[in-house]
Amino acid sequence: MIKVKKRKILLLPGDGIGPEVIKEVRKIIQWFNKNKSLDFEIDEDLAGGAAYDKHGTPITDEVFYKALESEVVMLGAVGGPKWDNLEFSKKPERALLKLRKELKLFANLRPAICFKQLVSASSLKPEIVSGLDIMIVRELTGGIYFGEPRGIKPIDNGERKGINTHAYTTSEIVRVAKVAFDLAKKRSNKVTSCEKSNVMEAGQLWKEEVQVLHDKEYKEVELNHMLADNCAMQLLRNPKQFDVIVTDNLFGDMLSDQASMLTGSLGLLPSASLGSKNKNGEMRAMYEPIHGAAPDIAGKGVANPIATILSFAMALKYSLDLDKEADGLENAVQNVLDDGLRTKDILTKGTKEVSTSEMGDAIISKLK
Ligand code: NAD
């Protein structure tokens, strides 16, 4: 097994606005190295459409091995219309899926935080979202997106049948639930586990195994079970009732998108995908903004780098054990928003527009 190299950060800017937002993270890493005497080793390489253009594949073996050896992978975004018609195996998104699958990143953490300065950007009433801070933990490598059998096949009456299989094992459920309980202990100590145990056996198993784990190891954490469709409604009705939500791959895909939209700001939301810790406590992890490559604004210097910068704050917290530095970076972002600086996507009356790099520089100035 390849050993994870401590403090090695692999930057994969990708396509579209990816390189622009990752550039700001690079500046921040360099600032930490210089001013906090940290020793992050930065490497950077191609992924997605950029890798396809140069090498004919969305991720080369060399880059894949670099990712395996790095403590942190920071991804910008991949994709764009230029590569839309490529065959499935060559599409830029395959780089992402390969990294998630081969690095065994089974827990996807997506915070939905409504910044007080941006409450008006949400489509919900301010009193419903103001101060919102929830964490969705989505299982990422199992369930219906990976289950066998799958496929499309002809059937007797001349029709076709599409098949996917939703399946979970005890260990797959327990490892992601542990991540959720451990996170809750550092937050407001409350986990809501979502499934469809009323109509799906895999959901019934999910509910039972989460409860068993809770009773055995996490009695001090409050646990509630909720049907996933009810959770979708509750997220709109009263999202602040939640602290950590843990759910499977399919429901997590939808619920985390829904939760992120409560905050009204795609350019601000980070994510982390975590693997298991080995016996030396080393963990593989990839951090990326939730937004895509935004080809419509690429190259214009207007992309909001905050989602990517906050993804790096998550890396400081979850991979590098630098909670103080992570808090410092999050506070720097808040302070810049307090000062009324905004990239174009979050610009409102009375605030000042800044470019991608000006936003990065302003955040660094607050770190000082
Ligand atoms: P998108 O997230 O790229 O863009 C949606 C809208 O939000 C666009 O109007 C864009 O300008 C805006 N936007 C996104 N990020 C922004 C930022 N940081 N600052 C300011 N505005 C921002 O989604 P899309 O348009 O559906 O997809 C574009 C491409 O990105 C597609 O090829 C898609 O496959 C790919 N994609 C990649 C990822 C990823 O790499 N993880 C995720 C989603 C989409």
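These are my notebook entries on a predicted model of a single chain.

**Entry 1: the whole chain**

I started with the overall fold. I get twelve helices and 14 strands for the chain. Next I checked the radius of gyration, which is 21 Å, close to the 21 Å that the globule rule gives for 368 residues, so the chain is as compact as a globular protein of that length. For the box along the principal axes, the C-alpha atoms fill roughly 60 × 50 × 45 Å.

Then I looked at burial: 52% of the 368 residues are buried. I also pulled the contacts with a sequence separation of 6 or more, and 74% of them link residues 24 or more positions apart.

On the surface side, the chain exposes about 16,800 Å². Carbon and sulfur atoms supply 50% of that area. I counted charges too: 52 positive and 52 negative, with their mean positions 2 Å apart.

**Entry 2: helix α8**

Which residues of α8 are buried? I find Ala228, Cys231, Gln234 and Leu235 in this helix, which runs over residues 228-237. Their arc around the axis is only 105 degrees, which puts them on the same side of α8. On the face turned away from that buried side I noted the exposed residues Met233 and Arg237.

What does the buried side pack against? I listed four strands and a helix: β5 (133-139), β8 (190-195), β9 (222-227), β10 (244-247) and α9 (249-262).

**Entry 3: Pro149 and its cis bond**

I went through the peptide bonds and stopped at Glu148 and Pro149, which are joined by a cis peptide bond with omega at about 0 degrees. Pro149 lies in strand β6, residues 147-154. Buried or exposed? Pro149 has 53% relative accessibility, and the cut-off for exposed is over 50%, so Pro149 counts as exposed.

For its contacts I left aside neighbours within four places in sequence, and Pro149 then touches Ile163, Asn164 and Thr165. Asn164 is 15 residues away from Pro149 along the chain, and their C-alpha atoms are separated by 6.4 Å.

**Entry 4: positive phi without glycine**

I scanned for residues other than glycine with a positive phi and wrote down two of interest. Lys104 has phi near 55 degrees. I place Lys104 in the loop between α4 (93-102) and β4 (107-113), and at 58% relative accessibility Lys104 counts as exposed.

Ala294 is the other one I noted, with phi at about 40 degrees. Ala294 is in the loop between β12 (283-289) and α10 (306-318). How accessible is Ala294? The value is 22%, which makes Ala294 partly exposed.

**Entry 5: Pro111 in β4**

I moved on to strand β4, which holds Pro111. Pro111 counts as buried at 9% relative accessibility. Not counting residues up to four places away in sequence, I see Pro111 touching Ile134, Met135, Leu269, Pro270 and Met314. I also took a C-alpha distance from Pro111 to Asp339, 228 residues apart along the chain, and got 23 Å.

**Entry 6: Tyr287 in β12**

Tyr287 sits in strand β12. Its relative accessible area is 0%, so Tyr287 is buried. What does Tyr287 touch, not counting residues up to four places away in sequence? My list includes Val72, Val73, Met74 and Leu75. Further along the chain, Tyr287 also touches Ser271, Ala272 and Leu274. The rest of my list for Tyr287 is Ser311, Met314, Ala315, Tyr318 and Ser319.

Met314 turns up again here: Tyr287 touches it, and Pro111 touches it too. As a distance check, I took Tyr287 to Gly162: 125 residues apart along the chain, with 33 Å between the C-alpha atoms.

**Entry 7: Ala51 in α2**

Last stop was helix α2 (residues 49-55), where I find Ala51. Ala51 is buried, with a relative accessible area of 1%. Leaving out residues up to four places away in sequence, Ala51 touches Leu46, Gly56, Thr57, Pro58 and Ile59. I also looked up Gly14, which is 37 residues from Ala51 in sequence and 8.0 Å away in space, C-alpha to C-alpha.

How values were computed. Residues are numbered from 1 along each chain as its sequence is written. This is a predicted model: local features need pLDDT of at least 70, side-chain atom pairs count only at pLDDT 80 or more; totals for chains, interfaces and linings use all residues. Side-chain values use heavy atoms; hydrogens and water are left out. The radius of gyration is taken over C-alpha atoms; the globule rule is 2.2 Å times the number of residues to the power 0.38. Buried means under 20% relative accessible area, exposed over 50%, partly exposed in between (1.4 Å probe, protein chains only). Contact means heavy atoms within 4.5 Å. Accessible areas come from the Shrake-Rupley method with a 1.4 Å probe; for residues, only the protein chains shown count as cover. Lys and Arg count as positive and Asp and Glu as negative; His and the chain ends are not counted. The place of a charge is taken as NZ of Lys, CZ of Arg, CG of Asp or CD of Glu. The arc is that of the directions from the helix axis to the C-beta atoms.
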